[in-house]
Amino acid sequence: QENKSEVVVFSVPSYACQRRTTLENQNATLTDALSLLAENAELSGEDGRGVAFRRAAAVLKVLPSPVKSASQLAGLPCLGEHSLRVIKDILENGASSEVESTKESEQFKALKVLTGIFGVGAKTADRWIREGIHNLRQLRDSGHTLNRAQQAGLDHFDDIKQPVTKAEAAAIEEIVEKAVASVLPGVRVVLTGGFRRGKLTGHDVDFLITHPEEGREVGLMPKVVSWLEAQGFLLYQKTTRNSYLESKDGPGRPPSNIDRFERCLSIFKLTRMEKPAAEAPGDGAVNGVRADGQRESDELSRSEPAGAAADRRWRAVRVDLVVSPISQFAFALLGWTGSKLFERELRRWAGYEKAMSLSSHALYDNNQRKYLRASSEEDIFAHLGLEYIPPSERNA
Ligand code: DCP
Ligand code: MG
């Protein structure tokens, strides 16, 4: 007989920004499944469904032990009918048929490959798929004119799809520090994004740059970029100017998750840190057949001949640079540390629970009709009536 008293019932607050989500996850099988469905929904333009799956996964991430039966989930927030069905399938049958069929679907696989090209979003990928383009070879053969970002993305596809390590992020941080120090003394550089949350790998490296004297940061980015370019560190860069104006983007406008800081999307040329791949087992390929006997999927999903990357002494890494005036720095830091769901939940909390508008630039109180200033992330959590959550616990 089942001993009911041994069934652990969980209790979790509804907003991810009220919870402490570390990188430890007792329910990775379930959260991986829900994340895959979220990704598929997002790539298919179904953002609402995507968020629902992300929220469900985030609830499971904070549970202190593996879920054994669906009865333990009674009363938990954010677990909709669809997510619950997926969870039950996995608990009862070891897998979810929906997740397995999504994984194998040509549409999903094509969306993944094509949006894996830097500069290619879900809409472009979908248009190409409807023209019969499902992989890199078909894209090349199609004769489509790619924009500069997409061309760079295609050229460096193999490198960019490889996760960036912490050591590589640290090496790039050193380069960026050197760049800013040589164009303007006193500048502060902070590693943000997943690495600030303690992740060991990332899809890119994110930096926030500021100067302790308001206004000194103006015009900084072009100088930093010129320095990096002159030193041969950039394979690609596109800088967009700061377009934030408190008077224009303030309370009159709906809070946007797209910020308006001066920003540089780039691809760095980083000297390789690990041993050349030719010596590393598992990565070297002879005549397209790898040591493990599996055939390389050749030009279908790679951008250069097998083994070519191993001959290079550098690799391409995606890097984002953002410049913020010191008066907005706390908001920018909070906004650029993530996770994406944590950010979304902070803004939802601000709007629904506090009648405030939060962005990466400012916090506006709709009742008091004024901006709330903050010089640290702690200040912002306090304004929002939330317990302070450190970066390492924002991995929702
Ligand atoms: N962000 C944002 N606005 C954007 C892009 C990102 O506010 N237009 C925020 C949310 C992210 C953070 O910046 O958490 C960094 O974005 P990434 O896409 O690099 O996400 P992560 O760094 O969290 O993940 P990864 O480790 O894959 O790089
Ligand atoms: Mg990142």
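This passage walks through the fold, the cores, the metal site and a few single residues of the chain. The model is a predicted one, so everything below is read from computed coordinates.

Starting with the overall picture, the chain has 396 residues, and 44% of them count as buried. Its secondary structure comes to 17 helices and 12 strands. The domain assignment splits the chain into four pieces: domain 1 (16-102), domain 2 (105-155), domain 3 (161-325) and domain 4 (328-393). Between the C-alpha centres of domain 2 and domain 4 there is a gap of 36 Å. Contacts also reach well along the sequence: of those in the chain with a separation of 6 or more, 70% are between residues 24 or more positions apart.

Helix H1 is a good place to look at in detail. It covers residues 28-43, and its end C-alpha atoms are 22 Å apart. That agrees with expectation, because 16 residues at 1.5 Å a residue should span 22 Å. Quite a few of the residues of H1 are buried, including Leu30, Ala33, Leu34, Leu37, Ala41 and Leu43. What do the buried residues of H1 pack against? Their partners are helix H2 (47-61), helix H3 (81-93), helix H4 (97-104), helix H5 (106-115) and helix H6 (122-130). After H1 comes Gly45, which has a positive phi, near 80°.

One residue of helix H1 that is not a plain hydrocarbon side chain on the list is Asn40. Asn40 has a relative accessible area of 18%, so it counts as buried. Setting aside residues up to four places away in sequence, Asn40 touches Thr102 and Phe108.Next come the nonpolar cores. In soluble globular proteins, nonpolar side chains tend to be buried together. The largest nonpolar core here has 38 residues, and those with the most contacts inside it are Leu34, Leu63, Leu73, Leu76 and Ile117. Helices H1, H2, H3, H5, H6 and H7 (136-142) each supply at least two residues of this core. Which helix gives the most to it? That is H1, with 7 residues. The core also draws on two domains, taking at least three residues from each of domain 1 (16-102) and domain 2 (105-155). Looking at Leu73 on its own, and not counting residues up to four places away in sequence, its contacts are Leu60, Leu63, Val67, Leu79, Leu84 and Ile87. Apart from this core lies another, of 29 residues, and Ala169, Val176, Leu184 and Phe207 are among them.

Then there is the metal. Which residues are the protein donors of the magnesium ion (ligand 2)? They are Asp204 and Asp206, each through OD, at 2.0 to 2.1 Å from the ion. Asp204 is buried, with a relative accessible area of 7%. Asp206 counts as buried too, at 9%.

What about disulfides? A search of the whole structure turns up 0 of them. A disulfide is a covalent bond between the sulfur atoms of two cysteines. For Cys78, the closest cysteine sulfur is in Cys17, and the two sulfurs are 11 Å apart, so they are too far for a bond. Cys78 is partly exposed, with 26% relative accessibility, whereas Cys264 is buried at 1%.

Two loop residues round off the picture. Phe233 sits in the loop between helix H12 (220-230) and strand E5 (234-240). Its relative accessible area is 21%, so Phe233 counts as partly exposed. Leaving out residues up to four places away in sequence, Phe233 touches Ile175, Trp227, Leu228, Ile267, Phe268 and Lys269. Phe233 and Cys264 are 31 residues apart in sequence, and their C-alpha atoms are 14 Å apart in space.

The other loop residue is Asp259, found between helix H13 (246-249) and strand E6 (262-271). Is Asp259 buried or exposed? With a relative accessible area of 18%, Asp259 is buried. Beyond its neighbours within four places in sequence, Asp259 is in contact with Trp336, Ser360 and His361. The C-alpha atoms of Asp259 and Tyr244 are separated by 7.9 Å, and the two residues are 15 apart along the chain.

Key: Residues are numbered from 1 along each chain as its sequence is written. Chains are lettered from A and ligands numbered from 1 in the order in which they are written. Side-chain values use heavy atoms; hydrogens and water are left out. Donors are N, O and S atoms within 2.8 Å of the metal (3.2 Å for Na, K and Ca); water is not among the atoms, so sites may look incomplete. Buried means under 20% relative accessible area, exposed over 50%, partly exposed in between (1.4 Å probe, protein chains only). Domain bounds come from an automatic or database domain assignment. Helices (H or I, at least four residues) and strands (E, at least two) are DSSP runs, numbered from the N terminus. The expected span of a helix is 1.5 Å times one less than its number of residues. Contact means heavy atoms within 4.5 Å. A disulfide is a pair of cysteine sulfur atoms within 2.5 Å. A nonpolar core is a set of buried Ala, Val, Leu, Ile, Met, Phe, Trp, Tyr and Cys residues joined through side-chain atoms within 4.5 Å.
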